[in-house]
Structures are given as C-alpha cells and as structure tokens.
Amino acid sequence: MTRPLTTRDVDTRELMDDPDADARMLARTYGRFGFVNALVSRPGSLYRRDVRPRAAHAREQSRALRILDVGAGGGDLCRLLAWRLRRDGFDAEVTALDADVRAIRWASAHDRGAGIRYRRALTTELVAAGEIYDMVLSNHVLHHLDDAELRTVLDDSVRLVAPGGMVSHRDIARSRTAHALFSAATWTISSTLLADSFIREDGLISIRRSYTTAELRAIAPPGWVVRGSVPSRLELRWVGAHART
Ligand SMILES: C[S@@+](CC[C@H](N)C(=O)[O-])C[C@H]1O[C@@H](n2cnc3c(N)ncnc32)[C@H](O)[C@@H]1O
C-alpha cells in the first residue's frame, strides 16, 4: 500500500539501489541524471553563489579549489562544475565519491575530459585517510540515507571540510505538489526520453523518501541550517564555527 506523502516513506527503496538492478537500465539512469539535474537542481546557481567565489579565494592563495561530490552518481554535476571552473580560468581538484561501484564505473567511463577523480568509498574512509576539501557537496543523496547514515555523512562532512570551507547537501523537498508535478512532467516522456531507465519510478520513490524542510530542521545537528527553495528543493548547509556562509 502506498503511504500518503505526509510522512517519509523510508521503507521503499529506489530501484537503482538494488544490487541486481538491470545493468542497461541502470546505465541509462546514470546517463539521464544530467537532464533531470538541469531541470530541477539549479547547478548554475550553486556555481555562481558558492563555487566561483571560493575558487577565486583559493586562487588568491595560489592553490586549486578542492571539491568533494558525495554520492556523485553519473557524475554530471561535478563534471559541470569542473568544466565551468576551467572555462573561468580556475584550478580545481574535483573528487566524485559514490558508495556504489556501478556508479563510479559509469561516471569514470563518461568523464569526457573533465578530469574528475572518481572513488568508490564512503565518507568515513576519506575521514580516516585525513582528506580535506574546501567544499563538500551532494545532490539527491540525503533521501537515500537512513537516520544513522545521515548522521555519519553529516559528521564526516564537517570533518572533511577545511577551515573557511563549506558543506552543502541539496535535495528534493517532499510535497504533494512536487510529486504531482514530477509525475505529470515525466509521464509524457516516460516512453521516449526516459525509456529503459529508472528515472520516473525512482524519482517518485525519491520524493516519497525525501524530507520536508521542517523534518530536516528538527533532526539537523547544531551548526547546520536548512533552507527551502523552489521548485520543491531544500539545502542542508553547514554554517558551523569555521565555515564561511
Ligand atoms: C539519486 S543518486 C544522485 C546522483 C547525483 N548526485 C545526482 O544528483 O544526479 C544518489 C547516489 O548516492 C549514492 N549514495 C547513497 N548513499 C551513499 C553514501 N552513504 N555515500 C556515498 N554515496 C552514496 C548512490 O549510490 C547513488 O549513486
């Protein structure tokens, strides 16, 4: 039975997270993330508001900007950031991290000269290795995590970020409107652009699994703030002691 959207549906897993998921459909799903993100994730605003100013700051210090993309999936967002930074003359070291080796294999095979470092690992392993970044980012990952995983990813994010750095975890905000709009928008292209992928079904599950801004505010540890934005988006942003907002 489908739960109403008033509570998070953490019991239904995305099809892409199934270890036995059809490999061809999974590959097409990774390949279509760029299209979905261009429509809903506003990567340009992330670049202009957060990435470019920090790249300029890093350049003043004669060093490259270090970015970690947690749960990079097909890698389209970090590739876009890497390309824009290069276009604007900035040096950057961009790492795409994913827990799923299938995502890392697909993304590294589709790097298209972006020069991203792809790693199959959990954030905890990077903390143990003493890695440090200026920016720790994620997109559409929070809703994949259970409570314990969320706490771990947030704690690790703070440990991984350099003094003056920032953490921004962006995701869908659950709402009836988001569900209805995504359902309607993807219905018309489900047998063409999105055919043979998990995008439509997993998108609808993702909205059901997502937090509302109020839910995330209630569980966010001290030092984190939650911002909502249109269209049905939220951002969990670390503004702790040494972060620059
Ligand atoms: C919906 S995809 C989002 C991909 C990409 N960030 C985007 O916006 O298109 C979520 C990704 O997060 C990965 N993931 C889930 N939990 C993770 C964790 N604890 N650490 C790293 N990656 C994780 C999954 O394997 C999957 O590739």
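Start by selecting Ala99 and the ligand: a polar backbone atom of Ala99 sits 3.2 Å from a nitrogen atom of the ligand, a polar contact here being a pair of N or O atoms within 3.5 Å. Taken alone, the ligand exposes 600 Å², and the protein buries 92% of that (accessible areas by the Shrake-Rupley method with a 1.4 Å probe).

Before you go on, note that this is a predicted model, in which local features need pLDDT of at least 70 and side-chain atom pairs count only at pLDDT 80 or more, while totals for chains, interfaces and linings use all residues. Residues are numbered from 1 along each chain as its sequence is written, and side-chain values use heavy atoms, with hydrogens and water left out.

Next, add Asp98, where a polar side-chain atom lies 2.6 Å from an oxygen atom of the ligand. Then click on Gly71: one of its backbone N or O atoms is 2.8 Å from a nitrogen atom of the ligand.

Now show the whole shell. Which residues come nearest to the ligand? Of the 16 around the ligand, they are Asn37, Gly71, Asp98, Asn139 and His144 (a residue is near if one of its heavy atoms lies within 4 Å). Colour the shell by type and you will find seven nonpolar, six polar and three charged residues, with Gly counted as polar.

Switch to cartoon view and select helix H2 (residues 43-60) with helix H3 (residues 76-87): their axes are 11 Å apart and the packing angle is about 50°. Axes are lines fitted to C-alpha atoms over the stretch in contact, with angles from 0 to 180 degrees between N-to-C directions; helices are DSSP runs of at least four residues, strands of at least two. H2 and H3 are therefore oblique to each other, as the angle is neither under 35, over 145 nor 65 to 115 degrees.

Move to helix H1 (residues 23-40) and helix H4 (residues 101-109), whose axes come within 10 Å and cross at roughly 60°. H1 and H4 are therefore oblique too.

Two loops finish the tour. Between H4 and strand E3 (117-120), pick Arg112; its phi is near 50°, a positive value in a residue other than glycine. Last, zoom in on Pro231, in the loop between strand E6 (224-229) and strand E7 (233-238). A cis peptide bond, with omega about 0°, joins Val230 to Pro231.

Definitions and conventions. A polar contact is a pair of N or O atoms within 3.5 Å; within protein, one must be able to donate a hydrogen and the other to accept it, and residues adjacent in sequence count only if both atoms are side-chain atoms.
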